[in-house]
Structure formats: C-alpha cells, structure tokens
Amino acid sequence: MGRTVVVLGGGISGLAASYHLSRAPCPPKVVLVESSERLGGWIRSVRGPNGAIFELGPRGIRPAGALGARTLLLVSLRDSSLEADHVISAIPASVLSELLPAEAAPLARALSAITAVSVAVVNLQYQGAHLPVQGFGHLVPSSEDPGVLGIVYDSVAFPEQDGSPPGLRVTVMLGGSWLQTLEASGCVLSQELFQQRAQEAAATQLGLKEMPSHCLVHLHKNCIPQYTLGHWQKLESARQFLTAHRLPLTLAGASYEGVAVNDCIESGRQAAVSVLGTEPNS
Ligand SMILES: Cc1cc2nc3c(=O)[nH]c(=O)nc-3n(C[C@H](O)[C@H](O)[C@H](O)COP(=O)(O)OP(=O)(O)OC[C@H]3O[C@@H](n4cnc5c(N)ncnc54)[C@H](O)[C@@H]3O)c2cc1C
C-alpha cells in the first residue's frame, strides 16, 4: 500500500508542500488538514462594495533567482484521528508545540520559544484623491513612529483593482512597540482605534486628509514570526530531537527559515523533498 503523508496547515507553506508531494513520480496519498474554513493562511483578498480589491495579507513576492523561479510554479477533517506514515507541519511553531505528546517535551519547548508579533492591517480607499509620490509604498522607522510600520500604495501596483468608480487604495500596517504595549496592557483594541491611527498616518505622511470612502480593519494576531537571538539554536535543537528520535515529522512554514511568501513556498518544497527522498517533478 502507498504511503500517506499528512500536511498540517493550508497556508502557502502547506499548499506548496502538498503540491510538490503530489508531483512525485509515485505520489503518496496527501491529506491536507486545515483548521479554518478557508485555505491560504495569511494570504487573503476581499472585494469592496465598488468592486475594488483589498489585500489583508501579503501583496508582494520577489520572483528572483532559483528560489523565485520555483515560487511561480504553482480539504476538512471530521474525525479526530488520522493515520499517516509522515506528517509535514506547516502550522506556526507555537501551535505545533501545543499538539505534541508529552514524550516530545524538549521539541515542544524549542518550538514554543519561536514567538510571533501581531500586525493591524488597515485598508483605506479615497475618492478623487492622488498620491504625492509613486512607488510600492514606504516604511516608517520606529524612531519616527513606534506604531506605523509602513504604508503600501496599492493603486500604484494594481490600478485595475481600484473598482468602479475607481478610488485610491492604500494599506496602513500598524504594529511595533505601540501595538505590543497596547496588547500587553489588556486594553480594548477597537476597530476605531486602528482606523483613526491609520487615517492620521495617511494624512500626515501622504496628505490624504479627506475621509476615506471605504475602510477595512483586521488585527492579525501573532502573524509574523520573530527570529530572535538564538533562533538558529532553537531550530538546531528541534532538528536534533527529530533525528535522534527518528520522528516522521518535518517542519515547514514561516516559523523557521524565512517569513516571505517565497521562503514559505521553498520550505514547503524542501519538506516534500525530504519526505520523498528525491526532487519532485517541477
Ligand atoms: C499583513 C501581512 C503582510 C505580509 N506581506 C508580505 C509581503 O508583501 N510579501 C511577502 O513575501 N510576505 C508577506 N507576509 C508574510 C507571508 O504572508 C507569511 O509569512 C506567509 O503567508 C505564511 O505562510 P504559512 O503557510 O507559513 O503560514 P500561515 O499563513 O500562518 O498558514 C498556516 C495555516 O495553518 C492553519 N492552522 C493553524 N493551526 C492549525 C491546526 N492546529 N490544525 C490545522 N491547521 C492549522 C491556519 O489556519 C493557516 O491556514 C505578510 C504577512 C502578513 C501577516
């Protein structure tokens, strides 16, 4: 009988792992387990009332070099148990750490130490407004503003997604020490608070002083893993545990070796390679 590989997590990392597993000359049975109602993880687009498209997660990839070339290649569980020959985990390290059995406590400890920070994404649309500059967007140093990470000029890259009637779209990313302090204080993180902060940033930094015609606010909790001092030692200790105990578990996803979409796709591909023991067809 053929092998069964379970892939945990239907974000881009898990989808990439599943894709590459299914491209093997003798593909294993692949079961993708996703806990939410949709695939894609942090990658999500929604349509506004005038047809404009708003990105709630990433909107840019770097399709450069060998890693980039592979970037462009490109299911619900009712029962509580599944049998598999191998598991690829493409869920956040801290989530996996809570699913592991007691025997794997050293592995769980290493994984739970890989933490992530939250980002509030505020999509704004303005009718009849114009940007003072053109480009992908700008970043804001924390010394200038501890809460605004940057603003993406969505209309510049994709003007065809401005809807009808078209309106200027920008996305303000809020986070940093400002958000961490707010989260730690336990105070209510209201949509109004984020909207007001984002509108102020758009007004001061881009001169967009009018009221937006449309606004979407999403607080993505623990969405960006942080590779803090000692990260590589944590990875090494997790890998040593997996090897020493010959566990049929492979780690993939943003928690480990790169948070960018390209890195996640590559981590999914590498997980598939390690499970198959050979390069899948590309
Ligand atoms: C706001 C924002 C903007 C970004 N912008 C960019 C950008 O412009 N360019 C770029 O390259 N990168 C960007 N990134 C980073 C990139 O989008 C993410 O690092 C990447 O999408 C993570 O993919 P992933 O599959 O590893 O994890 P996730 O997307 O977190 O997917 C994990 C999946 O696992 C599921 N899951 C969790 N727990 C369980 C469980 N117990 N059982 C089953 N399933 C479970 C989740 O529901 C989720 O679907 C951005 C990220 C954010 C949040």
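Which residue forms a salt bridge with R239? In this predicted model, the partner is E257, and the closest N and O atoms of the two are 2.7 Å apart. E257 sits in the loop between β11 (249–251) and α9 (261–276), while R239 belongs to helix α8 (residues 231–244), so this contact ties together parts of the chain that are 18 residues apart in sequence. How covered are the two ends? E257 is partly exposed, with a relative accessible area of 49%. That value falls just inside the partly exposed class, because exposed means over 50%. R239 is partly exposed too, at 36%.

That pair is part of a set: the structure holds six salt bridges. Another one joins the side chains of R197 and D145, at 3.0 Å from N to O. Here the link is between distant parts of the chain, with R197 in helix α7 (residues 191–206) and D145 in the loop between β7 (137–139) and β8 (148–152), 52 residues apart. If you check the accessibility of this pair, R197 and D145 are both buried.

Now hop over to helix α9, where a salt bridge stays inside one element. E266 and R269 both lie in this helix, three residues apart, which is about one turn. Their closest N and O atoms are 3.2 Å apart. As for solvent, E266 is buried, and R269 is buried as well.

With the charged pairs done, go back to the start of the chain and look at strand β1 (residues 4–8). This strand is mostly covered, with five of its five residues buried. Its side chains split between two directions: T4, V6 and L8 point one way, V5 and V7 point the other way, and all of them are buried.

Which strands does β1 pair with? One of its partners is strand β2 (residues 29–33), and the two run in the parallel sense over five bridges. To find the register, look at V6, which stands opposite V31 in β2. Between these strands the chain crosses from β1 through helix α1 (residues 12–22) to β2, a β-α-β crossover that is right-handed.

β1 also pairs with strand β5 (residues 86–89), again in the parallel sense, this time over four bridges. V6 is a handy marker here as well, since its bridge partner in β5 is V87. If you want one residue to center your view on, pick V6: this valine faces V31 in β2 and is bridged to V87 in β5.

Methods
Residues are numbered from 1 along each chain as its sequence is written. This is a predicted model: local features need pLDDT of at least 70, side-chain atom pairs count only at pLDDT 80 or more; totals for chains, interfaces and linings use all residues. Side-chain values use heavy atoms; hydrogens and water are left out. Buried means under 20% relative accessible area, exposed over 50%, partly exposed in between (1.4 Å probe, protein chains only). Two strands pair if DSSP finds at least two bridges between them. A crossover is right-handed if, with the strands pointing away from the viewer, the path from the first strand over the helix to the second runs clockwise. A salt bridge is a side-chain nitrogen of Lys or Arg within 4 Å of a carboxyl oxygen of Asp or Glu.
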